[in-house]
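Please look at the model with its pockets in mind. My notes on them are below.

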Amino acid sequence: MTTGPVRIEREGGVAVVTLNLPEKRNALTVELKTALRDALADVADDGGVRAVVLAAEGPAFSVGQDLAEHAEALRGGGDAAFATVREHYSPIIRSLLAMPKPVIAAVAGTCVGAGLGLALAADHRVFAAGVKLGTAFSGIGLTFDSGLSFTLPRAVGDARTRELMLFPQVFTAEEGIAWGIAGETVDAEAGPGAVLDRARELAAALAAGPTLAFAETKRLLLENSGADLDAALEAEAVAQARCGSTRDHAGALAAFLARERPVFTGA
(Lines give C-alpha, C1' and ligand atoms only; values in the text may rest on other atoms or scores of the structure.)
Protein backbone atom coordinates (compact mmCIF):
# COMPACT_ATOMS: atom_id res chain seq x y z
CA MET A 1 0.00 0.00 0.00
CA THR A 2 1.36 3.42 -0.97
CA THR A 3 1.19 6.49 1.29
CA GLY A 4 1.10 10.24 0.69
CA PRO A 5 -1.67 12.52 -0.64
CA VAL A 6 -3.04 9.54 -2.59
CA ARG A 7 -2.90 5.94 -1.36
CA ILE A 8 -3.15 2.84 -3.52
CA GLU A 9 -4.15 -0.47 -1.99
CA ARG A 10 -4.38 -3.61 -4.11
CA GLU A 11 -6.25 -6.73 -3.05
CA GLY A 12 -7.78 -9.55 -5.06
CA GLY A 13 -7.96 -7.76 -8.38
CA VAL A 14 -9.32 -4.54 -6.86
CA ALA A 15 -7.29 -1.35 -6.43
CA VAL A 16 -8.56 1.23 -3.94
CA VAL A 17 -7.25 4.70 -4.79
CA THR A 18 -7.79 7.00 -1.81
CA LEU A 19 -7.56 10.79 -1.63
CA ASN A 20 -5.57 11.31 1.56
CA LEU A 21 -5.62 14.95 2.62
CA PRO A 22 -8.36 14.77 5.27
CA GLU A 23 -7.01 17.81 7.13
CA LYS A 24 -7.82 19.88 4.01
CA ARG A 25 -11.10 18.04 3.30
CA ASN A 26 -9.30 16.56 0.30
CA ALA A 27 -9.08 19.94 -1.41
CA LEU A 28 -7.38 19.40 -4.72
CA THR A 29 -3.90 20.80 -4.26
CA VAL A 30 -1.26 20.50 -6.96
CA GLU A 31 0.37 17.76 -4.88
CA LEU A 32 -2.86 15.76 -4.63
CA LYS A 33 -3.82 16.26 -8.27
CA THR A 34 -0.39 15.17 -9.48
CA ALA A 35 -0.45 12.11 -7.25
CA LEU A 36 -4.00 11.20 -8.34
CA ARG A 37 -3.16 11.60 -12.03
CA ASP A 38 -0.16 9.31 -11.64
CA ALA A 39 -2.01 6.79 -9.44
CA LEU A 40 -4.82 6.40 -11.97
CA ALA A 41 -2.34 5.88 -14.79
CA ASP A 42 -0.62 3.25 -12.63
CA VAL A 43 -3.75 1.20 -11.93
CA ALA A 44 -4.97 1.55 -15.52
CA ASP A 45 -1.75 -0.07 -16.75
CA ASP A 46 -1.69 -2.78 -14.06
CA GLY A 47 -2.97 -6.01 -15.61
CA GLY A 48 -3.56 -7.46 -12.14
CA VAL A 49 -6.12 -4.76 -11.36
CA ARG A 50 -9.55 -5.66 -12.73
CA ALA A 51 -11.66 -3.01 -10.96
CA VAL A 52 -10.97 0.26 -9.16
CA VAL A 53 -12.51 2.04 -6.17
CA LEU A 54 -11.99 5.80 -5.86
CA ALA A 55 -12.35 6.71 -2.18
CA ALA A 56 -11.37 9.47 0.24
CA GLU A 57 -10.07 9.69 3.79
CA GLY A 58 -11.89 11.88 6.30
CA PRO A 59 -15.29 13.58 6.48
CA ALA A 60 -15.28 14.94 2.90
CA PHE A 61 -14.84 13.15 -0.39
CA SER A 62 -13.46 16.37 -1.86
CA VAL A 63 -14.37 20.04 -1.61
CA GLY A 64 -12.85 20.65 -5.03
CA GLN A 65 -9.96 22.91 -5.98
CA ASP A 66 -7.85 24.24 -3.12
CA LEU A 67 -8.90 27.89 -3.43
CA ALA A 68 -6.12 29.27 -1.23
CA GLU A 69 -3.57 27.65 -3.50
CA HIS A 70 -5.51 28.89 -6.53
CA ALA A 71 -5.51 32.47 -5.23
CA GLU A 72 -1.75 32.29 -4.79
CA ALA A 73 -1.32 30.91 -8.31
CA LEU A 74 -3.40 33.78 -9.75
CA ARG A 75 -0.68 36.19 -8.63
CA GLY A 76 1.39 34.69 -11.43
CA GLY A 77 -1.38 35.39 -13.94
CA GLY A 78 -4.43 33.55 -15.21
CA ASP A 79 -2.54 31.39 -17.70
CA ALA A 80 -0.33 29.98 -14.96
CA ALA A 81 -3.22 29.48 -12.54
CA PHE A 82 -5.42 27.64 -15.04
CA ALA A 83 -2.69 25.49 -16.57
CA THR A 84 -3.80 22.93 -13.99
CA VAL A 85 -6.92 22.20 -16.05
CA ARG A 86 -4.89 20.70 -18.90
CA GLU A 87 -2.05 19.44 -16.74
CA HIS A 88 -4.09 17.76 -14.00
CA TYR A 89 -7.88 17.81 -14.26
CA SER A 90 -8.19 16.76 -17.90
CA PRO A 91 -5.86 13.73 -17.68
CA ILE A 92 -7.44 12.65 -14.38
CA ILE A 93 -10.95 12.69 -15.84
CA ARG A 94 -9.77 11.09 -19.07
CA SER A 95 -8.16 8.29 -17.06
CA LEU A 96 -11.36 7.62 -15.12
CA LEU A 97 -13.69 7.71 -18.12
CA ALA A 98 -11.38 5.71 -20.38
CA MET A 99 -10.12 3.32 -17.68
CA PRO A 100 -10.29 -0.16 -19.29
CA LYS A 101 -11.87 -1.54 -16.13
CA PRO A 102 -14.85 -0.54 -13.96
CA VAL A 103 -14.50 2.34 -11.48
CA ILE A 104 -16.68 2.71 -8.38
CA ALA A 105 -16.63 6.01 -6.44
CA ALA A 106 -17.12 5.67 -2.67
CA VAL A 107 -18.55 9.06 -1.66
CA ALA A 108 -18.90 9.11 2.11
CA GLY A 109 -18.77 12.89 2.58
CA THR A 110 -19.21 16.31 0.98
CA CYS A 111 -18.50 16.25 -2.75
CA VAL A 112 -18.51 19.58 -4.60
CA GLY A 113 -16.90 21.35 -7.55
CA ALA A 114 -14.13 19.28 -9.09
CA GLY A 115 -14.83 16.67 -6.41
CA LEU A 116 -18.20 16.12 -8.08
CA GLY A 117 -16.35 15.89 -11.39
CA LEU A 118 -14.26 13.02 -10.01
CA ALA A 119 -17.33 11.17 -8.74
CA LEU A 120 -19.27 11.54 -11.99
CA ALA A 121 -16.33 10.26 -14.04
CA ALA A 122 -16.66 6.90 -12.26
CA ASP A 123 -18.97 4.21 -13.64
CA HIS A 124 -21.05 3.89 -10.47
CA ARG A 125 -21.24 5.65 -7.13
CA VAL A 126 -21.91 4.55 -3.56
CA PHE A 127 -23.01 7.51 -1.45
CA ALA A 128 -23.52 7.91 2.25
CA ALA A 129 -27.19 8.67 2.81
CA GLY A 130 -27.85 12.41 2.78
CA VAL A 131 -24.35 13.34 1.60
CA LYS A 132 -24.16 16.84 0.10
CA LEU A 133 -23.19 17.40 -3.54
CA GLY A 134 -22.80 20.59 -5.56
CA THR A 135 -21.26 22.27 -8.60
CA ALA A 136 -20.01 25.48 -6.91
CA PHE A 137 -18.16 26.88 -9.95
CA SER A 138 -20.30 29.93 -10.78
CA GLY A 139 -20.21 31.02 -7.14
CA ILE A 140 -16.59 32.04 -7.71
CA GLY A 141 -17.08 33.27 -11.28
CA LEU A 142 -15.95 30.11 -13.07
CA THR A 143 -17.50 27.57 -15.40
CA PHE A 144 -17.10 23.81 -15.90
CA ASP A 145 -13.91 21.86 -15.53
CA SER A 146 -13.12 18.31 -14.39
CA GLY A 147 -15.24 16.93 -17.22
CA LEU A 148 -18.57 18.11 -15.83
CA SER A 149 -19.71 19.67 -19.13
CA PHE A 150 -19.49 16.09 -20.48
CA THR A 151 -20.64 13.95 -17.56
CA LEU A 152 -23.27 16.06 -15.80
CA PRO A 153 -25.70 16.56 -18.73
CA ARG A 154 -25.36 12.86 -19.56
CA ALA A 155 -26.43 12.07 -16.01
CA VAL A 156 -29.15 14.63 -15.27
CA GLY A 157 -29.97 16.14 -18.67
CA ASP A 158 -29.22 19.49 -20.26
CA ALA A 159 -31.94 21.47 -18.48
CA ARG A 160 -31.02 20.27 -14.98
CA THR A 161 -27.34 20.90 -15.72
CA ARG A 162 -28.12 24.49 -16.69
CA GLU A 163 -30.07 24.93 -13.47
CA LEU A 164 -27.26 23.53 -11.33
CA MET A 165 -24.65 25.73 -12.99
CA LEU A 166 -26.66 28.96 -13.30
CA PHE A 167 -28.28 28.68 -9.86
CA PRO A 168 -25.61 26.84 -7.86
CA GLN A 169 -27.14 24.86 -5.06
CA VAL A 170 -26.29 22.04 -2.74
CA PHE A 171 -28.28 18.87 -3.31
CA THR A 172 -28.35 15.48 -1.65
CA ALA A 173 -27.21 12.19 -3.09
CA GLU A 174 -30.82 11.03 -3.05
CA GLU A 175 -31.88 14.02 -5.16
CA GLY A 176 -29.01 13.41 -7.58
CA ILE A 177 -29.97 9.76 -7.98
CA ALA A 178 -33.59 10.75 -8.62
CA TRP A 179 -32.39 13.15 -11.34
CA GLY A 180 -30.36 10.44 -13.06
CA ILE A 181 -26.94 10.18 -11.40
CA ALA A 182 -26.28 6.45 -11.32
CA GLY A 183 -25.59 5.26 -7.81
CA GLU A 184 -26.91 3.96 -4.52
CA THR A 185 -26.92 5.08 -0.92
CA VAL A 186 -25.78 3.40 2.27
CA ASP A 187 -27.55 4.22 5.53
CA ALA A 188 -25.41 6.24 7.94
CA GLU A 189 -26.35 3.83 10.73
CA ALA A 190 -24.37 1.11 8.93
CA GLY A 191 -21.17 2.69 10.25
CA PRO A 192 -18.42 5.00 8.96
CA GLY A 193 -16.79 2.36 6.78
CA ALA A 194 -19.99 1.08 5.20
CA VAL A 195 -19.72 3.16 2.02
CA LEU A 196 -16.22 1.91 1.28
CA ASP A 197 -17.20 -1.65 2.21
CA ARG A 198 -20.09 -1.58 -0.26
CA ALA A 199 -17.89 -0.06 -2.97
CA ARG A 200 -15.31 -2.78 -2.42
CA GLU A 201 -18.04 -5.43 -2.60
CA LEU A 202 -19.28 -4.09 -5.94
CA ALA A 203 -15.75 -3.75 -7.30
CA ALA A 204 -14.91 -7.32 -6.28
CA ALA A 205 -17.99 -8.61 -8.10
CA LEU A 206 -17.03 -6.64 -11.21
CA ALA A 207 -13.41 -7.83 -10.96
CA ALA A 208 -14.71 -11.41 -11.15
CA GLY A 209 -16.68 -10.57 -14.28
CA PRO A 210 -15.89 -10.23 -18.00
CA THR A 211 -13.50 -7.30 -17.68
CA LEU A 212 -12.51 -7.30 -21.35
CA ALA A 213 -16.18 -6.92 -22.26
CA PHE A 214 -16.52 -4.16 -19.65
CA ALA A 215 -13.58 -2.35 -21.26
CA GLU A 216 -15.20 -2.58 -24.69
CA THR A 217 -18.49 -1.33 -23.25
CA LYS A 218 -16.80 1.71 -21.71
CA ARG A 219 -14.93 2.41 -24.94
CA LEU A 220 -18.14 2.27 -27.01
CA LEU A 221 -20.00 4.57 -24.64
CA LEU A 222 -17.17 7.08 -24.66
CA GLU A 223 -16.37 7.02 -28.38
CA ASN A 224 -19.95 6.74 -29.66
CA SER A 225 -21.42 9.56 -27.58
CA GLY A 226 -21.36 11.90 -30.58
CA ALA A 227 -21.29 9.34 -33.38
CA ASP A 228 -23.91 8.94 -36.06
CA LEU A 229 -25.88 5.69 -36.28
CA ASP A 230 -23.75 4.01 -38.93
CA ALA A 231 -20.51 4.79 -37.10
CA ALA A 232 -21.96 3.51 -33.83
CA LEU A 233 -23.17 0.29 -35.43
CA GLU A 234 -19.79 -0.33 -37.05
CA ALA A 235 -17.97 0.34 -33.76
CA GLU A 236 -20.27 -2.17 -32.06
CA ALA A 237 -19.53 -4.78 -34.72
CA VAL A 238 -15.77 -4.34 -34.28
CA ALA A 239 -15.98 -4.40 -30.48
CA GLN A 240 -18.25 -7.44 -30.47
CA ALA A 241 -15.81 -9.31 -32.71
CA ARG A 242 -12.98 -8.51 -30.28
CA CYS A 243 -15.04 -9.79 -27.36
CA GLY A 244 -16.07 -12.86 -29.34
CA SER A 245 -12.45 -13.88 -29.89
CA THR A 246 -11.67 -14.03 -26.15
CA ARG A 247 -11.39 -17.11 -23.97
CA ASP A 248 -13.78 -15.36 -21.59
CA HIS A 249 -16.54 -15.51 -24.21
CA ALA A 250 -15.83 -19.11 -25.24
CA GLY A 251 -15.69 -20.27 -21.64
CA ALA A 252 -18.84 -18.37 -20.62
CA LEU A 253 -20.77 -19.75 -23.59
CA ALA A 254 -19.70 -23.30 -22.74
CA ALA A 255 -20.61 -22.74 -19.10
CA PHE A 256 -24.04 -21.41 -20.09
CA LEU A 257 -24.77 -24.43 -22.26
CA ALA A 258 -23.60 -26.76 -19.48
CA ARG A 259 -25.66 -24.79 -16.92
CA GLU A 260 -22.51 -23.98 -14.97
CA ARG A 261 -21.22 -20.72 -13.51
CA PRO A 262 -18.70 -19.02 -15.82
CA VAL A 263 -15.21 -18.08 -14.65
CA PHE A 264 -13.76 -14.95 -16.25
CA THR A 265 -10.00 -14.44 -16.42
CA GLY A 266 -9.68 -11.33 -18.56
CA ALA A 267 -8.22 -13.24 -21.49
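The points below cover the two pockets in turn.

1. This is a predicted model: local features need pLDDT of at least 70, side-chain atom pairs count only at pLDDT 80 or more, and totals for chains, interfaces and linings use all residues. Residues are numbered from 1 along each chain as its sequence is written, and side-chain values use heavy atoms, with hydrogens and water left out.

2. The largest pocket (on a 1 Å grid over the protein atoms alone, an open set of points where a 1.4 Å probe fits, with protein on both sides within 12 Å along at least five of seven lines) has a volume of about 530 Å³. Volume here is the space filled by probe spheres set on the points, which are joined across faces, edges and corners.

3. Lining residues have an atom within 4 Å of a point. The largest pocket has 20 of them, with Leu97, Leu120, Ala122, Asp123 and Leu221 nearest its centre. Helices H5 (148–156) and H9 (211–223) are the elements that each give two or more residues to this lining, and H9 gives the most, five. Helices are DSSP runs (H or I, at least four residues), numbered from the N terminus.

4. The largest pocket lies between domain 1 (6–208) and domain 2 (211–258), because both give residues to its lining. The domain bounds come from an automatic or database domain assignment.

5. The second largest pocket has a volume of about 380 Å³. Its lining counts 28 residues, and Gln65, Leu67, His70, Tyr89 and Leu142 are the closest to its centre. H3 supplies the largest share of that lining, nine residues.
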